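Subject: Structure handover

Hi,

Here is the structure I promised to pass on. Have a look at it first, and my notes follow underneath.

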Amino acid sequence: MKNSAIIHTLIHAIIILASASCSRPTDTQLIVHVDNLRSELTIEINKQSFSISHPFASKTLYSNKPTARFYLTDSDEPTIYQVNLLGVRRTPITLLIKRGEQATLTLDMLNLGSYSIEGSEESLLAKELTDRLRKSSRTIDSLERLQRNTDNPIALDTLAMRVKAVKDSQRVFSSRFIWEHPRTLASFIALYQQYSNGDYVFDTSDDLTLFRVVGSALQVMYPESAYTKGIIKDLSLIHI
């Protein structure tokens, strides 16, 4: 009986310690705060693997409680998360969270085109990428609307050249970003960015060098990562 009591005491102590470790300040966390929230808003977080996004968690915010805390996966590699505002027309916010980070995402319902992120270095890099791509995409959308509204061959040629110039500028920006940050998963995000569904920033054989650079760097940093394996698989399918 005495031994049994000791065993139960040890088990109880282990459970307490395990529970405490899950709530330590060093656990990987994301705090989402929304300014000027007038009604309830559901925040949905998806966890992004190489090519598939999986539902991870969701919480509802209210005007009198506009902040929520999410406990994220403690992974040995940075993890890509997509933050969605359900019922709101806004592209998902891409975050790249490392183990042990306590990141704070702040949005404003009066200015949903912008957001701030603190406490996550690679999420700031991801923001740099998405902000620039959003600017390029908006310019391209405007030019393509003009193309649809004219039949003038000279105007069409001029607009096509302007679209190409925007895409070339975006490619230069993203290429420079990758060369400056090859050992980060932010560069993985840069490789697969799209203006629209199927219209990739990097879409020519000349861009393969960038895929090889990032793939090789991530093989060293995160050899078992699904992101790394995805890039390597893509490269193996290309015979050039």
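Which residues do ring pairs link into a cluster? They are Phe50, Phe188, Tyr192, Phe211 and Tyr227. Before I get into that, please keep in mind that this is a predicted model.

**Overall picture**

The protein chain has six helices and ten strands. It runs to 240 residues, of which 38% count as buried. Among contacts in the chain with a separation of 6 or more, 59% come from residues 24 or more positions apart.

On confidence, the mean pLDDT of the protein chain is 88, and 88% of its residues reach 70 or more. The part to watch is residues 1–26, where pLDDT stays under 50. For that stretch, the model has seven contacts beyond four places in sequence.

**Aromatic pairs**

Back to the rings. Searching the whole structure turns up six aromatic pairs. One of them joins phenylalanine 50 and tyrosine 192, edge-to-face, at 5.5 Å centre to centre with 90° between the planes. Phenylalanine 50 sits in the loop between β2 (41–48) and β3 (53–61), while tyrosine 192 is in the loop between α4 and β9, so this pair ties together parts that are 142 residues apart in sequence. With a relative accessibility of 24%, phenylalanine 50 counts as partly exposed.

Phenylalanine 56 and tyrosine 81 make another pair: their ring centres are 5.6 Å apart and their planes are at 65°, so this one is edge-to-face too. Here strand β3 holds phenylalanine 56 and strand β5 holds tyrosine 81, so the pair ties together parts 25 residues apart in sequence. Buried or exposed? Tyrosine 81 is buried, with a relative accessible area of 1%, whereas phenylalanine 56, at 30% relative accessibility, counts as partly exposed.

**Pockets**

The largest pocket has a volume of about 930 Å³. It is lined by 29 residues, and the closest to its centre are Gln82, Thr94, Leu133, Gln193 and Gln194. Several elements each supply at least two residues of that lining: β5 (79–85), β6 (93–97), α2 (121–148), α4 (185–191) and β9 (194–196). Of the contributors, α2 gives the most, with six residues. Sorted by class, the lining has twelve nonpolar, twelve polar and five charged residues.

The second largest pocket has a volume of about 190 Å³. Two members of the ring cluster, Tyr192 and Phe211, turn up in its lining. Alongside them are Leu191, Tyr200, Phe202, Asp203, Thr204, Asp207, Leu208, Asp234 and Ile238. By class, that lining has seven nonpolar, one polar and three charged residues.

**One backbone oddity**

Most residues other than glycine have a negative phi. Asparagine 36 goes the other way, with a positive phi near 55°. You will find asparagine 36 in the loop between β1 (29–35) and β2. At 28% relative accessibility, asparagine 36 counts as partly exposed.

If you want a starting point in the viewer, try the phenylalanine 50 and tyrosine 192 pair, then move on to the second largest pocket, where Tyr192 is part of the lining.

Cheers

Notes: Residues are numbered from 1 along each chain as its sequence is written. This is a predicted model: local features need pLDDT of at least 70, side-chain atom pairs count only at pLDDT 80 or more; totals for chains, interfaces and linings use all residues. Side-chain values use heavy atoms; hydrogens and water are left out. On a 1 Å grid over the protein atoms alone, a cavity is a set of points where a 1.4 Å probe fits but cannot get out, and a pocket is an open set with protein on both sides within 12 Å along at least five of seven lines; lining residues have an atom within 4 Å of a point. Grid points are joined across faces, edges and corners, and a volume is the space filled by probe spheres set on the points. Helices (H or I, at least four residues) and strands (E, at least two) are DSSP runs, numbered from the N terminus. Ala, Val, Leu, Ile, Met, Phe, Trp, Tyr, Cys and Pro count as nonpolar, Asp, Glu, Lys and Arg as charged, and the others, Gly among them, as polar. pLDDT is the predictor's confidence in each residue, from 0 to 100. Contact means heavy atoms within 4.5 Å. Rings of Phe, Tyr and Trp (its six-membered ring) pair if their centres lie within 6.5 Å; planes under 30 degrees apart count as stacked, over 60 as edge-to-face and the rest as tilted. Buried means under 20% relative accessible area, exposed over 50%, partly exposed in between (1.4 Å probe, protein chains only).
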